[in-house]
Amino acid sequence: MTQIAPAMMSLLGDYTSSKLSVFPKSASSFSGESDWVFHFISIVCVIFFVPIAIALFGFAWKYRKAKGQPADSQVDHNTTLELVWSIGPSFLLVVMFYFGARGYLDMRSIPEGAYNVGVDAYKWGWGMDYGNGVIHPELHVVAGEPTKLTMTSKDVIHSLYIPSFRVKKDIVPGRYNYIWFKAMEPSEKVMSDEECKQLADKDKEENLSWDYDARQCTPDGYNFYDLYCAEYCGTNHSEMQTVVVVHETQEELDAWIKKYSSRGDEPPAAYGAKLYERRGCKSCHSIDGSRMVGPSYKGSYGTMRDIVGGGQVKVDENYIRESILNPKAKVAIEQGVAYQPVMPSYKGQLSDDDIYSLIEFIKSLGDASAAEPEPPADAEPVSVE
């Protein structure tokens with residue numbers, strides 16, 4: 001119990017760098033000054049709180065009166081003492097303000113030439129845009145280099161928070177917000193590519209997602225820093241988490257980006273399964289038949305679906321493509337209850353090959369059209385006259 005107490009006290013229960021620290025591991029250029037200011041303010045508060053609390057109980061005991069006796073009136077005062085305890089602490093407040101303002105201005109002054117990553121926040125996931133169509137839920141940066149995040153939300157207010165970097169910023173729909181940091185501690189490669197592939201294949205067989213918390217590494221084998229949404233944004237707010245990986249060199253980061261820049265020789269359905277994980281589809285659409293924010297993918301291809309406004313539509317390539325690019329065009333109804341039209345559009349974010357791969361992945365979970373009986377070859381044509 002004593003070993004996990006610091007982690008329980010730290011924000012979000014993140015891992016701490018010391019058993020005596022209430023903070024997660026310090027891993028950015030902001031961490032040192034941010035922690036120092038926090039400790040300074042905490043110590044000042046304790047120094048004032050302890051004697052005030054002692055005086056409060058002491059005076060209450062010393063000047064107590066028996067029940068029914070009148071209270072004494074205040075007939076004099078000490079001007080010098082009153083000035084000291086009123087003006088003296090003001091200098092400490094000025095010191096606190098100075099260091100707090102300096103830290104805030106540093107966080108708002110983005111260096112020229114900072115590496116830029118676009119961030120799309122949505123219920124309930126993250127899309128990190130590395131350019132050239134590469135969008136991934138994980139944030140990857142370079143150690144020792146300033147990184148700027150250009151952030152926007154597709155639906156409600158979110159808040160990007162990286163405890164180990166001591167940075168947090170709200171993300172508001174309809175506008176761009178910015179944040180920057182300089183990561184100082186590179187992530188380690190703790191698992192080989194072969195081990196990662198074996199675990200990923202095992203998860204695929206069991207229809208499971210990669211468990212970051214249990215394995216404490218990414219599907220590429222790197223350990224990581226946690227990234228959370230710190231603004232309550234709806235039902236699955238607690239699941240809106242991802243990770244930050246810090247590469248030692250720009251070349252290493254470029255190699256990682258290139259790895260995810262295209263499907264390559266991978267089969268479309270397998271690549272679609274990866275897109276299902278990376279692009280946040282799993283947050284709203286199950287693959288086991290259970291109802292979530294959106295319809296389940298399992299066995300959906302080739303079925304007829306009721307839609308808002310009346311009528312039915314067949315779940316085929318055209319309907320899936322339209323639902324990805326314009327999700328509010330035909331909102332599904334299941335068991336008489338309409339789904340909420342909260343899915344964001346992925347227009348301009350997914351290539352035609354990405355959409356094709358997602359369609360093939362959905363087909364692989366069950367194709368109802370494949371079970372439709374073929375008409376006999378010698379059947380007479382039916383007259384429509």
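Let me begin with H285, which sits in the loop between α7 (268–278) and β11 (304–307), and please keep in mind throughout that what we are looking at is a predicted model. With a relative accessibility of 12%, H285 counts as buried, because the cut-off for that word is under 20% relative accessible area. A polar atom of the H285 side chain lies 2.7 Å from the backbone oxygen of P295. If we set aside the neighbours within four places in sequence, the contacts of H285 are Y276, M292, G294, P295, Y297 and M343, so P295 appears both in that contact list and as the partner in the polar pair, where a polar contact is a pair of N or O atoms within 3.5 Å.

Now to two cysteines, C281 and C284. C281 counts as buried at 12% relative accessibility, and C284 likewise counts as buried, at 14%. How far is the sulfur of C281 from the closest cysteine sulfur? The closest one belongs to C284, and the separation is 8.7 Å, which is too far for a bond. Taken from the other side, the closest cysteine sulfur to that of C284 is the one in C281, again at 8.7 Å and again too far. As a reminder, a disulfide is a covalent bond between the sulfur atoms of two cysteines. The rule applied here asks for a pair of cysteine sulfur atoms within 2.5 Å, and by that rule the count comes to zero disulfides.

Let me step back to the chain as a whole. The protein chain has nine helices and 14 strands, and of its 385 residues, 37% are buried. Its accessible surface comes to about 23,000 Å², and 57% of that surface belongs to carbon and sulfur atoms. If we take the contacts between residues at least 6 apart in sequence, 61% of them join residues at least 24 apart.

The second histidine I would like to show is H158, which is placed in strand β6 (residues 158–162). Is H158 buried or exposed? H158 is buried, with a relative accessible area of 0%. Its side chain makes a polar contact, at 2.8 Å, with the side chain of D155. Beyond the neighbours within four places in sequence, H158 is in contact with a longer list of residues, among them A121, Y122 and K123, then K169, D170 and I171, and also C229, E231 and C233. The C-alpha atoms of H158 and W124 are separated by 9.5 Å, although these two residues are 34 apart along the chain.

W124 brings me to the backbone geometry. W124 lies in the loop between β1 (115–122) and β2 (125–129), and the peptide bond that leads into it from K123 is cis, with omega near 0°. K123 is also one of the residues in contact with H158. For context, most residues other than glycine have a negative phi, and most peptide bonds are trans.

On the phi side, there are two residues to point out. R166, in the loop between β6 and β7 (167–171), has a positive phi of about 60° although it is not a glycine. R166 is also buried, with a relative accessible area of 12%. Q216, which is placed in the loop between α5 (212–215) and β9 (225–229), has a phi near 55°, again a positive value in a residue other than glycine. Q216 counts as partly exposed, at 29% relative accessibility.

I will finish with two residues that lie in helices. S323 is placed in helix α8 (residues 317–325), and it is buried, with a relative accessible area of 19%, a value that falls on the buried side because the cut-off is under 20%. Which backbone oxygen does the side chain of S323 reach? The side chain of S323 reaches that of Y319, at 2.9 Å.

I52, by contrast, is exposed, with a relative accessible area of 53%, and it lies in helix α2 (residues 31–62). Together with I43, I47 and F48, I52 makes a nonpolar surface patch of about 400 Å².

Conventions
Residues numbered from 1 in each chain as written. Predicted model: local features only at pLDDT ≥ 70, side-chain atom pairs only at ≥ 80, totals over all residues. Heavy atoms only, no water. Patch = residues over 30% accessible without salt bridge, like charges linked within 9 Å, V, L, I, M, F, W, Y side chains within 5 Å. Areas by Shrake-Rupley, 256 points an atom, 1.4 Å probe, with all protein chains shown as cover. Salt bridge = Lys/Arg side-chain N within 4 Å of Asp/Glu carboxyl O. Helix = DSSP H or I, 4+ residues; strand = E, 2+ residues; numbered from the N terminus. Buried < 20%, exposed > 50% of the residue type's maximum accessible area, 1.4 Å probe, protein only. Contact = heavy atoms within 4.5 Å. Polar contact = N/O pair within 3.5 Å; in protein donor to acceptor, adjacent residues only side chain to side chain.
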